[in-house]
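Student: Hey, I've just opened this one and I'm new to it. Can you walk me through it?

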Amino acid sequence: MSRTGRVERVTKESSVLVEVDLDGTGRTEVATGVPFFDHMLDALGKHGALDLVVRATGDVEVDAHHTVEDVAIVLGQALKQALGDKSGIRRFGDAWIPMDEALAHAVVDVSGRPYCVHTGEPESMAGFVVGGHYPTVLNRHVFESIAFHAGIALHVRVTGGRDPHHITEAEYKAIARALRAATEPDARLEGPASTKGVLES
């Protein structure tokens, strides 16, 4: 059964298309107009073993915020579509990812109940901009938007780090690996991994 999602969203601030295949091999085609965000989405696809297409245009001359957040919303929606009724998946996944001096941990529950907890980033990241175009304060917006629109519980914590680039990259890669583990088929399961017999939607 195909586990794919395709969602388009057009507003006055952005135009976004996302295609995702949960059973891919990490092939990505990403263009958002925000180069560092492209790099993070490439990492998400590669380390999540997702085939991922993201095409977005937006008012990046004003700020990266609208485009980045809107892509995260649509990505979450495409993931939810691809997950379907969530039958036969492991449901839970977690990953620790080091990036030189930085260390991030992500835990995913593909529960159908959206929640996001994001902790541990140094206060200096609230005012840091990677490459002159990606404010790292957007990290939480991205993670919250994906979690809410995908219907997953997502916990991300930074336990160490100094370089905002390294910290951010460790977070994205940790999410990718945790999501990969949570959405993988479990041959020992029939139906949803829930005592209720259904994962909330």
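Tutor: Sure, and one term to begin with: a polar contact is a pair of N or O atoms within 3.5 Å, where one must be able to donate a hydrogen and the other to accept it. Keep in mind that this is a predicted model.

Student: OK, so which residue caps the N-terminal end of helix 4?

Tutor: That's Asp163, with a side-chain oxygen 2.8 Å from the backbone nitrogen of His165.

Student: And how many of the 20 residues of helix 4 are buried?

Tutor: 16 of them, so helix 4 is largely enclosed by the rest of the structure. Buried here is under 20% relative accessible area.

Student: What should helix 4 span, at 1.5 Å a residue?

Tutor: Helix 4 covers residues 164-183 and should span 28 Å. Its end C-alpha atoms are 28 Å apart, which agrees.

Student: Switching to the sheet: what order do the four strands have?

Tutor: The order is 1-2-4-3, in an open sheet with mixed pairing. Strand 1 (4-10) and strand 3 (28-31) are the edge strands, each pairing on one side only. From one strand to the next, the twist averages 5 degrees.

Student: Do strand 1 and strand 2 run parallel or antiparallel?

Tutor: Antiparallel, and seven bridges join strand 1 to strand 2 (residues 14-21). Val7, for instance, has Val18 in strand 2 as its bridge partner.

Student: Which strands does helix 2 touch?

Tutor: Helix 2 (residues 65-83) packs on the sheet and touches strand 1, strand 2 and strand 4. Its direction makes about 145 degrees with that of strand 1.

Student: And where does helix 1 lie?

Tutor: Helix 1 (residues 35-48) lies across strand 3 and strand 4 (51-58), and runs at about 160 degrees to strand 3.

Key: Residues numbered from 1 in each chain as written. Predicted model: local features only at pLDDT ≥ 70, side-chain atom pairs only at ≥ 80, totals over all residues. Heavy atoms only, no water. Helix = DSSP H or I, 4+ residues; strand = E, 2+ residues; numbered from the N terminus. Expected span 1.5 Å × (residues − 1). Buried < 20%, exposed > 50% of the residue type's maximum accessible area, 1.4 Å probe, protein only. Pairing = 2+ DSSP bridges. Axes fitted to C-alpha atoms, helices over the stretch in contact; angles between N-to-C directions. Contact = heavy atoms within 4.5 Å.
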